[in-house]
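The following paragraphs lead the reader through one protein chain, beginning with a single pair of residues and ending with the arrangement of the whole chain. Please keep the structure in view while reading.

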Amino acid sequence: MKVEFFLNDRKRQFDVSPDEYLLETLRKNHITSVKNGCNESTCGVCSILLDGKPVLSCTVLTIRIEGQHVTTVEGLQDEVSHISDYFGDEGADQCGFCNSGLALTIIALKKEYKNPTDDDIKNYIVGNLCRCSGYQAQLKAIKRYLEDSK
Ligand code: FES
Ligand code: FES
């Protein structure tokens with residue numbers, strides 16, 4: 001089946017099977033920043049932005065997103081690199097596996113909230129799991145990034 005959608009602002013056509021999930025479509029088309037962790041909507045490493053909102057690409061059937069806008073780290077490299085600087089400064093660097101999904105979620109958070117509280121931030125990133133940190137340094141980095149982006 002043919003499906004057309006915008007991938008990082010470029011209109012593209014993809015040939016997909018009816019039961020194919022977006023995660024698979026993206027990775028088959030060299031969008032390797034999107035990772036496969038659990039493949040059952042619990043880890044967040046497959047996060048992408050769908051029309052600007054964070055979505056787990058392992059749960060979205062590709063044929064359902066006709067005409068929508070998919071954004072990945074490949075399309076937001078400058079902003080993601082900017083976020084990474086804040087994480088580095090706070091000693092909160094993320095691994096290549098979880099980093100992309102978290103960065104996209106933070107970008108969406110910035111658009112959605114003007115002055116998020118700590119709880120707003122924690123709730124927003126709750127689906128982006130990291131098994132190797134306590135999230136405190138990440139929270140500090142996110143707050144500084146949001147503050148400096150105003
Ligand atoms: S791979 Fe999609 S949530 Fe884990
Ligand atoms: S830093 Fe990537 S899972 Fe913890």
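In strand β2, Arg10 is the bridge partner of Leu7. It should be kept in mind throughout that the model is predicted. The pair Leu7 and Arg10 belongs to a broader arrangement, for β1, which covers residues 2–7, and β2, which covers residues 10–15, are joined by six bridges and pair in the antiparallel sense. Two residues lie between the strands of this hairpin, and Asn8 there takes a positive phi near 50°.

Strand β1 also pairs with another strand. Its partner here is β5, made of residues 69–71, and the two pair in the parallel sense over two bridges. At this pairing, Phe6 of the chain stands opposite His69 in β5.

The side chains of β1 deserve attention in their own right. Which of them are buried, and which are not? They alternate along the strand: Val3, Phe5 and Leu7 point to one face and are buried. Lys2, Glu4 and Phe6, in contrast, point to the other face and are not buried. Leu7, the bridge partner of Arg10, is thus found on the buried face.

The view may now be widened to the whole chain. Domain 1 spans residues 2–74, and domain 2 spans residues 76–148. Their C-alpha centres are 21 Å apart. How many residues of each domain take part in the contact between them? On the side of domain 1 there are 16, and these are in contact with 15 residues of domain 2. Strands β3 (47–50) and β4 each supply at least two residues of the side of domain 1 that touches domain 2. The most is given by β3, with three residues. Sorted by class, this side of domain 1 consists of eight nonpolar, five polar and three charged residues.

One residue of β4 may serve as a closing example. Pro54 lies in this strand, which comprises residues 53–56. Is Pro54 buried or exposed? It counts as buried because 23 C-beta neighbours lie inside 10 Å, and a residue is called buried when 20 or more other C-beta atoms lie within that distance. Beyond its neighbours within four places in sequence, Pro54 is in contact with Ser47, Leu49, Leu104, Thr105 and Ala108. Pro54 and Leu102 are separated by 48 residues in sequence, while their C-alpha atoms are 9.6 Å apart in space.

Methods: Residues are numbered from 1 along each chain as its sequence is written. Chains are lettered from A and ligands numbered from 1 in the order in which they are written. This is a predicted model: local features need pLDDT of at least 70, side-chain atom pairs count only at pLDDT 80 or more; totals for chains, interfaces and linings use all residues. Helices (H or I, at least four residues) and strands (E, at least two) are DSSP runs, numbered from the N terminus. A residue is buried if 20 or more other C-beta atoms lie within 10 Å of its own, exposed if 12 or fewer, and partly exposed in between; C-beta atoms are placed from the backbone. Two residues are in contact if their C-beta atoms, placed from the backbone, lie within 7 Å. Domain bounds come from an automatic or database domain assignment. Ala, Val, Leu, Ile, Met, Phe, Trp, Tyr, Cys and Pro count as nonpolar, Asp, Glu, Lys and Arg as charged, and the others, Gly among them, as polar. Two strands pair if DSSP finds at least two bridges between them.
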